Amino acid sequence: MNKKLYVLSGSSGVGKGTVLKGFLKRNPNFMLSISCTTRKPREGEIDGVNYFFMTTDEFQKCINEDKFLEWTNFAGNYYGTKRKYIDQCLSDGKDIILEIDTVGALNVKRQMPEAVLIFIAPPSLDALEQRLRGRHTEDEETIQKRLNEVKSEIERGKSFDYTIVNDEIDLAISQLEQIINKEMKNA
Ligand code: 5GP
């Protein structure tokens, strides 16, 4: 059976990290790609676990050496997915999941049309703003930058294969499971 690449995207504060965590807890056989970023670690984030934290020079070097499957600049920081890990998982016969922004997701789809794109949408824009502010991980300038991205993210999300509205977390996790089970059956 062919193994697949699943890409989960959605705006900041939409809860995609929580949905993904819930899914991986129930499905530990899935591999999660760890991205590289030039963003500073948030409190509690660990290098090599949450991200590979890099300087801009290190990131640029990886771009020059064509190490990224995709990369983007999101709200002032660089983020990228190393191609080596993805290729390795797929050739080892493992399903893999990426949590990246909508620009990156569409770039992956261009290179790997068989990738399955799943967009996590907020129940409303107000709910999204409340969640983003409520987690207290960003300053006001960063919150504004992230909110400015939301409309274009929702627009890009329209060309994804699936959309899940994250109104109730357990329901969103079950919907993600249903989508992935269906895709696995068709693989
Ligand atoms: P955060 O700074 O909140 O961890 O992530 C900001 C945005 O960058 C999120 O939408 C997240 O999904 C996205 N992101 C994380 N890693 C990558 C990556 O490797 N590539 C791309 N294109 N986006 C990423």
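**Exercise 1. In this predicted model, find how Arg146 meets the ligand and how much of the ligand the protein covers.**

Solution. Start with the side chain of Arg146: one of its N or O atoms is 2.8 Å from an oxygen atom of the ligand. A polar contact requires such a pair to lie within 3.5 Å, so the Arg146 pair qualifies. Next, take the area. On its own the ligand has 510 Å² of accessible area, and the protein covers 96% of that.

**Exercise 2. Which ligand atoms do the polar side-chain atoms of Tyr51 and Glu70 approach, and at what distances?**

Solution. Take Tyr51 first: a polar atom of its side chain is 2.5 Å from an oxygen atom of the ligand. Then turn to Glu70, where a polar side-chain atom lies 2.7 Å from a nitrogen atom of the ligand.

**Exercise 3. Describe the shell around the ligand by number, composition and strands.**

Solution. Step one is the count: 17 residues surround the ligand, and the closest are Arg39, Tyr51, Glu70, Tyr79 and Asp101. Step two sorts the shell by residue class, which gives seven charged, six polar and four nonpolar residues. Step three assigns strands: β5 (68-74) and β6 (77-82) each contribute at least two residues to the shell. Finally, place the ligand in the protein: it sits in the largest pocket.

**Exercise 4. How many salt bridges does the whole structure hold, and which parts of the chain does the one between Lys3 and Asp95 link?**

Solution. The whole structure contains 17 salt bridges. In the bridge between Lys3 and Asp95, the closest N and O atoms are 3.6 Å apart. Now locate the partners: Lys3 belongs to the segment before β1 (5-10), while Asp95 is in the loop between α3 (83-91) and β7 (96-99). This pair links distant parts of the chain, 92 residues apart.

**Exercise 5. Locate Asp66 and His136 and give their phi values.**

Solution. Begin with the general expectation: most residues other than glycine have a negative phi. Asp66 has a positive phi, near 60°, and its place is the loop between α2 (56-64) and β5. His136, also not a glycine, has a positive phi of about 55°. His136 lies in the loop between α5 (125-134) and α6 (140-157).

Key. Residues are numbered from 1 along each chain as its sequence is written. This is a predicted model: local features need pLDDT of at least 70, side-chain atom pairs count only at pLDDT 80 or more; totals for chains, interfaces and linings use all residues. Side-chain values use heavy atoms; hydrogens and water are left out. A residue is near a molecule or strand if one of its heavy atoms lies within 4 Å of it. A polar contact is a pair of N or O atoms within 3.5 Å; within protein, one must be able to donate a hydrogen and the other to accept it, and residues adjacent in sequence count only if both atoms are side-chain atoms. Accessible areas come from the Shrake-Rupley method with a 1.4 Å probe; for residues, only the protein chains shown count as cover. On a 1 Å grid over the protein atoms alone, a cavity is a set of points where a 1.4 Å probe fits but cannot get out, and a pocket is an open set with protein on both sides within 12 Å along at least five of seven lines; lining residues have an atom within 4 Å of a point. A molecule sits in a cavity or pocket if more than half of its atoms lie within 2 Å of its grid points. Helices (H or I, at least four residues) and strands (E, at least two) are DSSP runs, numbered from the N terminus. Ala, Val, Leu, Ile, Met, Phe, Trp, Tyr, Cys and Pro count as nonpolar, Asp, Glu, Lys and Arg as charged, and the others, Gly among them, as polar. A salt bridge is a side-chain nitrogen of Lys or Arg within 4 Å of a carboxyl oxygen of Asp or Glu.
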